[in-house]
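Biologist: Please take me through one part of this model closely. Start with how the strands pair, then work outwards to the rest.

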Amino acid sequence: MMVVPSLKLQDLIEEIRGAKTQAQEREVIQKECAHIRASFRDGDPLDRHRQLAKLLYVHMLGYPAHFGQMECLKLIASSRFTDKRVGYLGAMLLLDERQDAHLLITNSIKNDLSQGIQAVQGLALCTLSTMGSAEMCRDLATEVEKLLLLPSSYVRKKAILTAVHMIRKVPELSNIFLPPCAQLLHERHHGILLGTVTLITELCERSPAALKHFRKVVPQLVQILRTLVTTGYSTEHSISGVSDPFLQVQILRLLRILGRNHEESSETMNDLLAQVATNTDTSRNAGNAVLFETVLTIMDIRSVPGLRVLAVNILGRFLLNNDKNIRYVALTSLLRMVQSDHSAVQRHRPTVVECLRDPDASLSRRALELSLALVNSSNVRAMTQELQSFLESCPPDLRADCASGILLAAERFAPTKRWHIDTILRVLTTAGTYVRDDAVANLTQLIAGAQELHAYSVRCLYSALAEDISQQPLVQVAAWCIGEYGDLLLEGSCEETEPLQVEEEEVLALLEKVLQSHMSLPATRGYALTALMKLSTRLRGGSDRIRQVVSIFGSCLDVELQQRAVEYNTLFRKYDHMRAAILEKMPLVERGGPQVDGEAEESKETQCSETALVSTESQASKLLDLLDLLDGTTEDAQPSPSLDPSPRGTLVHLLDLPCAPPPPPSIPDLRAFEREGLQLSLSFVRPPGTPALLLITVTATNTSGADVTHFICQAAVPKSFQLQLQAPSGNTVPAQGGLPVTQLLRILNPNKAPLRLKLRLTYNHFGRSVQEIFEVNNLPVETWQ
């Protein structure tokens, strides 16, 4: 048989590209891989690098090439440059930290770094910065440090980038690279200066000591950036008329880190930032990139108020840009600034509202979040009108967020109750199926509390229900309101609405239509059935018709509706004399906060304790009277001992009379987490019957201008504890102080060991995913003692 010779790399590429099917391509590659394996076994040193080059091409096409790893090590150890070049390239492609073989090239890299050949040193540095593990970085850090101060700019540039990789892998190596950085800042070479600024940035982000050390070079960085802005650095690095934008951006990022929470450094760079913000050309994308970094730096440091207004105005100009990416960046940045510079962002409200109509979904979503954050008491009418107009035509995936945002804004800033009711009704009419679950309860409570608007509300809701019964939350509120205030609907006198004549038969027919509609949910039918039952006491006639409808639902398949209908039928048959009293109007239920609820609970406990105390005194008094009766009324009789009503009284202990147990000691609440408006607080309760059990209520609130979505709270305790997490009340924390999300943790501590709790939070906020892992160390001692 004739042996087919091995192909050259160029011929292999042409044959693979010429394959018409994937099967032909696999056949070509399998044959060539067999030749490559045979060549590796024969050990031809002159042909090894050619075979490995072909294998690397096969690897880039996605085929297995792991059998070439050891050949990379042999080529790296070779003295020929052609072998080293392919060997290092193969190491970067085929080796990584997960394989132990990568540690075998440490000595070879060390030897190559100590040689004086720049090309070989460059190959070794590139490989180390690409796949160097933590162990390799520790072993070779001193070698890289020596190369940072070599005369050759080619080697120094690569050594700086390798140092950046080492700091990311092993942050404790920071002290080694601190001294050379100050000297490297005096370089004029573009690559060295850019790499040095990047290295200093990494050092400052990972080491507080480095951050304090490099605050001394802020004036030098300011001078470098001023030179770039005014006189230019070098024409070869200018892009679209902007002098070295990459270096400008990197210096601005470093200044942002150095000036954060430091007054002196911020004051040093204020004038420069104003100069960059006013002199940068915005007609090209490079200038916009520099301006955006300038804005971020201004907002992060302790800048003067005038400079912050200038930054907001720059973002306002970005909103008028034709580039969608620039507009999106501007909206995201303004959303972050709205809490700290609300009045400055308000000036650009018309432009933000215009962005709501943008056909790009991501832009309209970000504009919606910013618009909701801009709503306040002075502009709530105008902004709500714009948002309601947007709600009528917005995409379905934005309707839930828009409707919830309008309802929250109306709840916080409503100027009048009538305006509040009208706003909610319009939202329910437009996008009722997209509102949150608590919208029905909130509106019914609002209507019940506005006695002067009962007639107005029931007429508006009746008219809306007559037009559309598909919006389930609207139907539920309308049915409740008609049941409560149906008598006002029939009176026909309401100054605030147009005259409306409604007959009893029309009202009953409309509710029957809701009951029979296939669009009605079981909960909606329950509202309608209860409304019919209440109308039996508010209408002059129609009781027989209502009774007949109620009896039909006595055999309904839905258990809840069936039970309700059976109870109502019983009310008609057996307790008809009590029906009017039972079906009276609902009393107003005040919405109380946690503090009100706590006071009510405390008052209830005090009242309960006093009742038990009186009961104890009464029983003890009767017992003493009985003892007096048995002893007789003699002159020698001893006077009755005074009764201590407390549980420590002797008589109470002796006879084991009932008494109120002492209330458990109160445990102070704890603020466990706070970031960008999201707050997490912990409240603790230890049930008196089971002292080893601790109940922790995790409450998440959000005061920022954007909802926190996909919120998940996970907890962990040591193995000696037992932890049970209850389901949370929701996964969205509404913006601007909406209803909080709560979750109960049950922790059993039989050994009464000191409690340690670790929490992990994952959520989406301001358009980005956030994950926070932290340990709660300052738990009160009452939680475990």
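Modeller: In strand S3, Ala-700 is the bridge partner of Leu-680. That pairing is one piece of a longer contact. Strand S2 (residues 678-685) and S3 are joined by eight bridges, and the two run antiparallel. Keep in mind that this is a predicted model.

S3 has another partner too. Strand S6 (residues 741-748) pairs with S3 over eight bridges, again in the antiparallel sense. Here Thr-697 stands opposite Leu-744 in S6. How many of the ten residues of strand S3 are buried? Eight of them are, so S3 (residues 693-702) is largely enclosed by the rest of the structure.

Leu-680 also turns up in a nonpolar core. This core has 30 residues, and Leu-680, Ile-696, Leu-755 and Leu-779 are among them. It is separate from the largest nonpolar core.

Stay with the strands for one more residue. His-710 is in strand S4 (residues 709-716). Its phi is positive, about 50°, although His-710 is not a glycine. Why look twice at that sign? Most residues other than glycine have a negative phi. His-710 is exposed, because its relative accessibility is 51% and the cut-off is over 50%.

Asn-261 makes a good companion case. Its phi is also positive, near 60°, and Asn-261 is not a glycine either. But Asn-261 lies in a loop, between helix H14 (245-259) and helix H15 (263-279). Asn-261 counts as exposed, at 59% relative accessibility.

Now for the largest nonpolar core. It holds 177 residues. Which of them touch the most other members? They are Met-166, Phe-214, Ile-251, Leu-255 and Ile-447. Helix H27 (residues 472-491) supplies the largest share of this core, eleven residues.

Take Met-166 as an example. Set aside its neighbours within four places in sequence. Met-166 is then in contact with Leu-128, Cys-137, Leu-140, Ala-141 and Val-144 on the earlier side of the chain, and with Leu-173 and Phe-177 on the later side.

Next, a loop residue. Ala-101 sits between helix H5 (81-94) and helix H6 (106-114). Is Ala-101 buried or exposed? It is buried, because its relative accessible area is 13% and the cut-off is under 20%. Beyond its neighbours within four places in sequence, Ala-101 is in contact with Leu-73 and Leu-95. Met-70 is worth finding as well. Ala-101 and Met-70 are 31 residues apart in sequence, yet their C-alpha atoms are 7.8 Å apart in space.

Charged side chains come next. The model has 34 salt bridges. Three pairs show how they link helices.

Begin with Lys-54 and Glu-32. Their closest N and O atoms are 2.6 Å apart. Lys-54 lies in helix H3 (residues 48-60) and Glu-32 in helix H2 (residues 22-42), so this salt bridge ties together parts that are 22 residues apart in sequence. Both ends are buried. Lys-54 has a relative accessible area of 2%, and Glu-32 has one of 4%.

Glu-202 and Arg-168 form another salt bridge, at 3.0 Å from N to O. Glu-202 belongs to helix H11 (residues 190-206) and Arg-168 to helix H9 (residues 153-169), so the pair joins parts 34 residues apart in sequence. The two ends sit in unlike surroundings. Glu-202 is buried, at 9% relative accessibility, whereas Arg-168 is partly exposed, with a relative accessible area of 47%.

The remaining pair is Arg-365 and Asp-401. Their side chains meet at 2.7 Å, N to O. Arg-365 is in helix H21 (residues 361-374) and Asp-401 is in helix H23 (residues 396-413), so parts that are 36 residues apart in sequence are tied together. Arg-365 is partly exposed, at 28% relative accessibility. Asp-401 is partly exposed too, at 29%.

Salt bridges can also join up into a network. Which residues are linked in this way? They are Arg-253, Arg-256, Arg-260, Glu-293 and Asp-300.

Notes:
Residues numbered from 1 in each chain as written. Predicted model: local features only at pLDDT ≥ 70, side-chain atom pairs only at ≥ 80, totals over all residues. Heavy atoms only, no water. Helix = DSSP H or I, 4+ residues; strand = E, 2+ residues; numbered from the N terminus. Buried < 20%, exposed > 50% of the residue type's maximum accessible area, 1.4 Å probe, protein only. Contact = heavy atoms within 4.5 Å. Core = buried A, V, L, I, M, F, W, Y, C linked by side-chain atoms within 4.5 Å. Pairing = 2+ DSSP bridges. Salt bridge = Lys/Arg side-chain N within 4 Å of Asp/Glu carboxyl O.
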